[in-house]
Amino acid sequence: MLARMSSEPEQQIGVGSPDAFQRLWTPHRMAYIQGENKPSGPGAGDNCPFCAIPAKSDEDGLVVARGEQVYAVLNLYPYNGGHLMVVPFRHVADYTDLTDEETAELADYTKRAMGALRAASGAQGFNIGMNQGAVAGAGIAAHLHQHIVPRWGGDTNFMPVVGHTKVLPQLLADTRRMLAEVWPAA
Ligand SMILES: [Zn+2]
């Protein structure tokens, strides 16, 4: 055991170093996917993944937290380690169609997602926002979702929007558990 450990490269951990999520994701940054899990049409019954996720267990659906109006879930094809999405339970495409209650909880869950990511990974910055419509880059335009993408200084595994990474289910499971454990209370 000691001999095996001493043969491993020394880990550099500290301020400005790659965080746990980045180390977790590094082996997978060059894997690409072929556009799986896209809904076939505009309706809620058309294989919409964001409508299907809440029926799954947290573990199977990679759900980090569930509210009254929205839920937080890991992106299966993250731009960066820990890439979360906040999604209304209701199948709705346009931000202007959200109810006041949905709007408020989407904002609140975005804040909590930032808090959880800071606590679990030391995220130093975030890209946050929604792509509205396929023309704007929404992968699943029929069901809106707020992206919360953690960033670190000098992060090297940030993927452009066109280059989705595929990660191993076990790594996503570990990340889901880490974030669920530190998810801020109301
Ligand atoms: Zn939907």
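**Aromatic pairs, a central strand and a zinc site**

W183 counts as buried, because its relative accessibility of 13% falls under the 20% limit for that class. The model is a predicted one, and the account below starts with its aromatic rings before moving on to a strand and a metal site.

By the rule applied here, the structure holds 2 aromatic pairs. One of them joins Y71 and F89, whose ring centres are 5.3 Å apart; the planes meet at 35 degrees, so the pair is classed as tilted. Y71 belongs to strand 2, while F89 sits in the loop between strand 3 and helix 5 (100-121), so this pair ties together parts that lie 18 residues apart in sequence. The two partners can be compared by their accessibility: Y71 is buried at 1%, whereas F89 is partly exposed at 28%. Y109 and W183 form an aromatic pair that is also tilted, with 5.4 Å from centre to centre and 55 degrees between the planes. Here, distant parts of the chain are linked, since Y109 lies in helix 5 and W183 in the segment after helix 6 (169-182), 74 residues apart. Y109 has a relative accessibility of 4% and counts as buried, and W183, at 13%, is buried too.

Attention now turns to strand 3. This strand covers residues 84-88, and 5 of its 5 residues are buried, so the rest of the structure largely encloses it. In a regular strand, side chains alternate between the two faces of the sheet. In strand 3, L84, V86 and P88 are on one side and M85 and V87 on the other; all of these are buried, so both faces are covered. Where are its pairing partners? Strand 2 (residues 70-74) pairs with strand 3 in the antiparallel sense, over 5 bridges. Within this pairing, V86 of strand 3 stands opposite A72. Strand 5 (residues 146-151) also runs antiparallel to strand 3, and 3 bridges join the two. One bridge can be followed residue by residue: M85 has H147 of strand 5 as its partner.

H147 deserves a closer look. This histidine lies in strand 5 and, with a relative accessibility of 8%, counts as buried. Its side chain makes a polar contact of 2.8 Å with the side chain of H83. Leaving aside residues up to four places away in sequence, H147 touches N75, Y79, H83, L84, M85, N127, I128, G129 and N131. Its bridge partner M85 is thus found among its contacts as well.

The last feature is the metal site. Which atoms hold the zinc ion? The ion is coordinated by the SG atoms of C48 and C51 and the ND1 atoms of H91 and H143, at 2.0 to 2.3 Å. The angles among these 4 donor atoms run from 102 to 118 degrees, and the site is tetrahedral. For four tetrahedral donors, the ideal angle at a metal is 109.5 degrees. Along the sequence, the donor residues follow the spacing C-x2-C-x39-H-x51-H. C51 is in helix 3 (residues 49-52) and H143 is in the loop between strand 4 (125-129) and strand 5, so this pair ties together parts that are 92 residues apart in sequence. Are these two donors buried or exposed? C51 is partly exposed, with a relative accessible area of 26%, whereas H143 is buried, with a value of 0%.

How values were computed:
Residues numbered from 1 in each chain as written. Predicted model: local features only at pLDDT ≥ 70, side-chain atom pairs only at ≥ 80, totals over all residues. Heavy atoms only, no water. Buried < 20%, exposed > 50% of the residue type's maximum accessible area, 1.4 Å probe, protein only. Helix = DSSP H or I, 4+ residues; strand = E, 2+ residues; numbered from the N terminus. Pairing = 2+ DSSP bridges. Donors = N, O, S within 2.8 Å, 3.2 Å for Na, K, Ca; no water. Tetrahedral: all angles 85-135°; square planar, octahedral: opposite > 155°, others 65-115°. Polar contact = N/O pair within 3.5 Å; in protein donor to acceptor, adjacent residues only side chain to side chain. Contact = heavy atoms within 4.5 Å. Phe/Tyr/Trp six-rings, centres within 6.5 Å; stacked < 30°, edge-to-face > 60°.
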